Amino acid sequence: MNNTVFEQMKETVYHEQLENGLNVYILPKAGFNKTYVTFTTNYGSIDNDFIPEGESDFLHVPDGIAHFLEHKMFEKEDGDVFQKFSSQGASANAFTSFTRTAYLFSATSNIKENTETLLDFVQAPYFTEQTVEKEKGIIGQEIRMYDDNPDWRVYFGLIENLYKNHPVKIDIAGTVESIAHITKDHLYTCYETFYHPNNMSLFIVGPVDPNEMMEFVRRNQASKTFPAPTPIKRRFPDEPAEAAETHRSLRMTVNTSKCEVGLKMPVSDKKGTEKLKEELAAGLLLEILFGKSAEFYEKSYNAGLIDDTFGFDYTAERGFSFAIVGGDTNEPDKLSQRIKEQLLEAKEGQHMAEDSFQRARKKKIGSLLRSFNSPEFIANQFTRYQFNGLNLFETVPLLEAMTMDDVVRFARTMIQEEGFSSCFVLPKESA
Amino acid sequence: MEAAREQSFNHPGCTVHVIETEKYKTNTVIIKLKAPLERETITMRALLPHVLQAGTENAPSATAFRSALDDLYGATFFADSAKKGDGHVLTFTIEVANETFLHGESDLFDQALSVMSDVLFRPFLKEGVFPEKTVMQEKRSLQQRIRSIYDDKTRYASMKLVEEMYKDDPYALSAGGILEDVEPITSAALYDYYRKTLAGDTIDIFVIGDVKAAEAAAKIEAHFPFEKRTAFFQKKSASTQVTDVRVIHETQQINQGKLTIGCRTSVTYADPQFAALQVFNGVFGGFAHSKLFMNVREKESLAYYAASRLDSHKGFLMMLAGIDQKNYDKTVKIMNEQLDDMKEGRITDLEMDQTKALLKNQLKESSDTARGMVELLYHNIAAGVDRPIETLIEEIDAVTKEETAAAAKTVVVDTVYFLSGKEERE
């Protein structure tokens, strides 16, 4: 077991890669009641074309299967795993993103028992045709719930606009139609390909003794046998640099229009620290251009073009990265035009004042410090960074070393006019 | 467990509560101002925090104010308004980095106190009142915020349920304000109301972080010189007898039906049976092992979410589920059966144990965040009871099945509000 001390943050992370390939991280948090544990596989909604473990040909699986698999992991021959967590005083959950599936619990007691339950249930799949069929009704309602959610619709509508072929454009839960095709055999195939310990990470954060916990996990894993890991072969279609569609409008039963502008960015080949710098530069750029203290925000707010729902987001994962800017508005056309102009001007070096940069950087450092109060943030973000070959604890020192030039360079190379698209949700005429 | 060890200080115009802890990388100050929930004032109270953040004497515009916060290493400042039983509570929160974790910074906490004090005591004024333009902009934003509740169908359905159930009770009012009451508000009236709020509201200030209690309390007194006041008398609205269950069905062009069922109970936070009511709600619909989740979702695949929520200061309980409208009758029947089972005491040992374990876990987890601790403390303050979290945990542990069933018997279904798509129900 190695430990890395992050002096400035006063945190220590203990790490060991076990014999079966599982990466285990432990971050002790003195003074906290809660222990939060995530067990995550580097597998998400975009991994829908791959060579199944032990086979030689590529297989394309139905949309929404990673999320479906996540749901079905909880059901076992002897009942629902939620029941067991509840009996042990733990609150359990799971989520699926574009690139990850995470199983987790938080608890203030029985930490070892709950960790064992987490490891054991994720490592013992049990799927039957009957339980798979039953889940289709539940997930169908989850999909319909999102169908009524204008924020989700505008977000996914925009991603669909941005990408022509890449599976990031597929809704994580799939559709009622696509999940109808899922069988128990699909689930086993995906499970065996992507849930090998070598493709997974366990992150424990809370008031724990790292040596004791590591030994506990080591023993649990040593008691199980896994085949030798083989490299996972995924395949992704070619994706053009330009947005697939420049615009679409959706009509929903809403009072207020929503406008989101997306910017598809070139896929970067950077790794490690350089990649992390790129992600930080993106965050700083958006803060400088669109933050609450930016001139853009003030002018647009005072003109009644935006309200406090206005915001921005940058996503960079395996093989894709994009920025999204927008919010509720009465004039979606005008807002989308203004956002696009602001970004294109930034590409030419405008709006980049040194004091705005300093302010954005301070804000980002403070916000990271605040995030380190949260066990959920630490475990989820650390895992995401690790899967991408980055280190979460490098962020603050890296930010402190960044300069305005880093942001200017990012704006110049990553903002491309062909990458723009917009998506609106507009009130139905009858509403 | 690590609980909120709080030290209180009674100042003339407010009570200061300090929690000394080194477990966070930030320090937090939370100010709560409580007044009775009333139609006449609720919309002004919803508007006021936004106008106050739109500029102070030292930072005379929203942009200047936000820049000052960013310069304090992105101190977060936010305000919201919420109902607490029959009270309306405005909450102002500032959270600032503990400079120990930064290179070459000092007194960020003192600067944060100054910023917050500026917001409450030194707003930017023109001709002695809030600037006309600011009030107009914030009114427009507030109107948009209120209108957009309609866009979130689950939230909209619960809001309509509460409006229908509490027709002659201020609890029907939305904490975020009433749309038609926004337009008539003038700068002068809002400023006048602001003065009254500072002079008359019941005020509690919480400091959580790497501070020394007495020193922090002294700083608070210097920065927030609230004048002496008398506590207002919170009259408890009379509980209503339910005669028949009312059923309201609204249709819109949506995909999924949002079912909400509102219930009343005579037990509230201040009552000795509160722990039993909590256990009841946990067994009934609070968790993934609860009766509603197991029967509506897991057994029948009718819904993705099926749960119950309790507002313990009011004695209001809501069941909710997202369903296909053709399954309306079936779902309502199953939900009612679960409630009947609870009343008849058909509760297993396992359900009791699981619920108690998770309720205790929730309470302990809440004390891990500054805001969670403040919410736990404020429950007691708002309800006027002295029940430390350790005591509540003991009470939860001691609840029996009979007491749980007795708590269930106080729960009466009042109104069903179903929002669904336009097609006919099968």
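# Domains, sheets and contacts

Student: What separates the centres of domain 1 of chain A and domain 2 of chain A?
Tutor: A gap of 27 Å, with the centres taken over C-alpha atoms. Keep in mind that this is a predicted model. The assignment runs domain 1 of chain A over 2-222 and domain 2 of chain A over 247-427.

Student: How do you know that domain 1 of chain A and domain 2 of chain A are in contact?
Tutor: The cut-off is C-beta atoms within 7 Å. By that test, 31 residues of domain 1 of chain A are in contact with 30 residues of domain 2 of chain A. On the domain 1 side of chain A, the elements supplying at least two residues each are β3 (23-28), β4 (35-41), α5 (150-162) and β11 (200-206). Helix α5(A) gives the most, with eight residues.

Student: What are the classes of the residues on that side of domain 1 of chain A?
Tutor: There are 16 nonpolar, eleven polar and four charged residues on the side that touches domain 2 of chain A.

Student: And chain B, how far apart do its C-alpha domain centres lie?
Tutor: They lie 30 Å apart, for domain 1 (6-223) and domain 2 (246-420) of chain B. Here the contact takes 24 residues from domain 1 of chain B and 21 from domain 2 of chain B. Helix α5(B) brings the largest share of the domain 1 side, nine residues. That side of domain 1 of chain B has ten nonpolar, six polar and eight charged residues.

Student: What makes β1 and β9 of chain A edge strands?
Tutor: Picture an open sheet of seven strands in chain A, ordered β1-β2-β3-β11-β4-β10-β9, with mixed pairing. Strands β1 (2-6) and β9 of chain A each pair on one side only, and that is what earns them the edge label. Neighbouring strands in this sheet are turned by 15 degrees on average, direction ignored.

Student: How do you know that β9(A) and β10(A) pair?
Tutor: Calling two strands paired takes at least two bridges. Strands β9(A) and β10(A) share seven bridges, in the antiparallel sense, so they qualify. Ala94(A), for instance, has Tyr103(A) in β10(A) as its bridge partner. On this sheet packs helix α13 (375-387) of chain A, which touches β3, β4, β10 and β11 of chain A and makes about 155 degrees with the direction of β11(A).

Student: Why is one side of β12 and of β14 of chain A left without a neighbour in the sheet?
Tutor: They sit in an open sheet of five strands of chain A, ordered β12-β16-β13-β15-β14 with mixed pairing. Strands β12 (247-252) and β14 (311-317) of chain A are at its edges with a single partner strand each, so one side of each has no neighbour in the sheet. From one strand to the next, the twist averages 15 degrees.

Student: What joins β13 and β15 of chain A?
Tutor: Eight bridges join β13 (257-264) of chain A to β15 (320-329) of chain A, and the two run antiparallel. Gly262(A) stands opposite Ile324(A) in β15(A).

Student: Which strands of chain A does helix α11 lie across?
Tutor: Helix α11 (332-347) of chain A lies across β13, β15 and β16 (420-427) of chain A, at about 25 degrees to β13(A). Helix α9 (272-290) of chain A lies across β14 and β15 of chain A instead, at about 165 degrees to β14(A).

Student: Why is β5 of chain B largely enclosed by the rest of the structure?
Tutor: A residue counts as buried with 20 or more other C-beta atoms within 10 Å of its own. Nine of the eleven residues of β5(B) (87-97) are buried, so the rest of the structure largely encloses this strand.

Student: Which strands of chain B pair with β5(B)?
Tutor: Strand β3 (26-36) of chain B pairs with β5(B) in the antiparallel sense over eleven bridges, with Val29(B) opposite Ile94(B). Strand β4 (76-84) of chain B pairs with β5(B) antiparallel over nine bridges, with Asp80(B) opposite Thr91(B). In the hairpin of β4(B) and β5(B), there are two residues between the strands, and Gly85(B) takes a positive phi near 60 degrees.

Student: Last one: how many residues of chain A are in contact with chain B?
Tutor: 52 residues of chain A are in contact with 57 residues of chain B. Helix α12(A) supplies the largest share of the chain A side, nine residues. By class, that side has twelve nonpolar, 21 polar and 19 charged residues.

Methods:
Residues numbered from 1 in each chain as written. Chains lettered and ligands numbered in written order. Predicted model: local features only at pLDDT ≥ 70, side-chain atom pairs only at ≥ 80, totals over all residues. Contact = placed C-beta atoms within 7 Å. Helix = DSSP H or I, 4+ residues; strand = E, 2+ residues; numbered from the N terminus. Nonpolar A, V, L, I, M, F, W, Y, C, P; charged D, E, K, R; others polar. Buried ≥ 20, exposed ≤ 12 C-beta atoms within 10 Å, placed from the backbone. Domains from an automatic or database assignment. Axes fitted to C-alpha atoms, helices over the stretch in contact; angles between N-to-C directions.
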